[in-house]
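Here is a friendly look at one protein model, starting from a small space inside it. Please keep the structure open as you read.

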Amino acid sequence: MNVATNVAPVVALVGNPNCGKTALFNALTGSRQKVANYPGVTVEKKTGRLVTPGGHAIQVVDLPGTYSLRARSPDEEITRDVVLGRHASEAAPDLIVCVGDASNLRLALRLALELKRVGRPVVLALNMMDIARKRGIEIDATRLACELGVPVVQSIAVRRGGTEALLGEIDRLLQALPAPGAADWHAPDAGELRVSQREADRILHAAVKSSGERHRGTARADAVLLHPVAGLVVLIAILFVMFQAVFAWARPLMEAIQAGFGWLGALVEAGPLPELLKSFLKDGLISGVGSVIVFLPQIVILFFFILVLEDVGYMARAAFLMDRIMGGAGLHGRAFIPLLSSFACAIPGIMATRVIDDRRDRLTTILVAPLMTCSARIPVYTLIIGAFIPDRDVWGVVGLQGLVMFGLYATGIVGALAVSFVLKRLIWRGAPGEPFMLEMPDYKIPQAKSLAIGLWTRATIFLKRAGTTILSMMVLIWLLASFPQPPEGATEPAISYSLAAMIGSLIQPLTAPLGFNWQINVALIPGMAAREVAVGALGTIYAIGGAEDAADKIGQAIAGQWSLATALAMLAWYVFAPQCASTLAVIRRETGSWKWMWVTFFYMLGLAYVAALLTNQIARALGAG
């Protein structure tokens, strides 16, 4: 046992999806948490530490949501293995907290009955009690504890002091933590699950009283949001506002970040340093990394919308709404949430496909998730749109630049649906699809603390990426653009004699039909590691220093040297190109095969080339060359 070896006791939070388990975890641990992955898989692992009111230092683990220990997805397998002590790298929990939505306890009680048979102490935490009371649901906690045979406490994760009863019960159990009992658990078959559910229903009937009426506000909201026409209009409006906000709200913060990096560049420029070192610090590091970090506010705003929509309870409804449309394209309704998550980053989107039970449906979603316009494309889109698309309103209310951005996102969505349609009709033709069943969570007001933690986690990941992958790529680009030095008496710009120019010119015959010059070619190569690297690479190639308005100067440089047709072709390329090594690595890990990683790389590369070629040729034919 962990207590006997002076190691902090492990308390595992287990519960159904959308039961408020993560909100409870945030309330317990606050900022004292870390996010990683379980070894060998990309399932997110959340752990945190705290000291209870009784003085016990404990480690809390937020396990992936599950309806049963009879695991049907990779997420549920992790939960099952950790709870049963079968996970090679994780200590078995000393105490299990089964988190149940107090307003919807039916499935939570069945899970609690399963957890009892694991042979470890279990506490049932009735979360969201405030919502249950508003709905007129009365829970006899004493009777419930007697029927289940485990302690039952009430909690409201989103309120101050809402976890006191749970912490008190944890303290009481840790005072005399028993040795693990003999596990009486085995994977239940369908018949055993039905028996277990009947027992859960009996307990529910004995300890819980409810009018059975649906909350009026929820019913009214669902009447609109789940309507096949009005619901789609609302969904499109939400997405449209989200993309407009990415431009409008972020501008002041972006200007502040630009000013900060401009000050650093001026500081280096004024210092008594050799010119080559100045160039490295100013053009390679400050300008290169700064021209990417400047887009952090836009990325945070995008994550903010996604987190709010998820916390409010809208995500599941949007998935239900989109099931018919996505089903026609060969995608399962559950694919909507992973694909929407891919707007922020394809990596968590691909990991989120574990909620899809059918392997073919899951694989289809994985293959098309990278086509969603992730946040790493935003720096490139913003740069090109800002340089070539006028900053004016259409019809007096809609920004033209935001409209173009919306069009790029829409193109990625259409591309994903088209690829899915082809996969289903040609490769997995005739395979029966599973029906779409999804439990609708209650509408809830997002908790500011949880939102702040979520945004901080995503921003930290982006900044770490900027300090590792992007920084290393910027150094590489600076080296390629700076050496060899031009010969004495050279009349061409110094970069024309560099290794970067040689590499760009070498692949020029392949990209010339797309309208790409050698500078674009050089930016695309390191951009294969991370899309946003291309912005900093262009800044280095066009010798843009670390000035306050470095991003604007890059835009001015490309506006002067590219044609409109080239710019549009570059946007088309970035809609489809597989320029993210991390995403490809996750595809390999999630599918367990190099085959599907290479299939993704080559089909996306082919789509990008054809799209850029057609865009360039059509634009030139229309006089945009």
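## A cavity and its lining

Pro-370, Arg-531, Pro-578, Gln-579, Cys-580, Thr-583, Leu-584, Thr-600 and Met-604 form the lining of the second largest cavity. Two or more of the lining residues come from each of helix 26 (581-591) and helix 27 (594-621). A cavity here is a set of points on a 1 Å grid over the protein atoms alone where a 1.4 Å probe fits but cannot get out, and lining residues have an atom within 4 Å of a point. The volume of this second largest cavity is about 40 Å³, and the whole structure holds three cavities of 30 Å³ or more. Its lining breaks down by class as follows.

| Class | Residues in the lining |
|---|---|
| Nonpolar | five |
| Polar | three |
| Charged | one |

This is a predicted model, in which local features need pLDDT of at least 70, side-chain atom pairs count only at pLDDT 80 or more, and totals for chains, interfaces and linings use all residues. Residues are numbered from 1 along each chain as its sequence is written, and side-chain values use heavy atoms, with hydrogens and water left out.

Now for the chain as a whole. The protein chain has 27 helices and 11 strands (DSSP runs of H or I, at least four residues, and of E, at least two). Of its 625 residues, 54% are buried (under 20% relative accessible area, 1.4 Å probe, protein chains only).

The average pLDDT (the predictor's confidence in each residue, from 0 to 100) is 82, and 89% of the residues score at least 70. Over residues 38-42, pLDDT stays under 50. Where pLDDT is low, the predicted coordinates should not be read in detail.

Technical notes. 1 Å grid on protein atoms, 1.4 Å probe; cavity = no way out; pocket = protein on both sides within 12 Å on 5 of 7 lines; lining within 4 Å. Points joined across faces, edges and corners; volume = space filled by probe spheres on them. Nonpolar A, V, L, I, M, F, W, Y, C, P; charged D, E, K, R; others polar. Buried < 20%, exposed > 50% of the residue type's maximum accessible area, 1.4 Å probe, protein only. Contact = heavy atoms within 4.5 Å.
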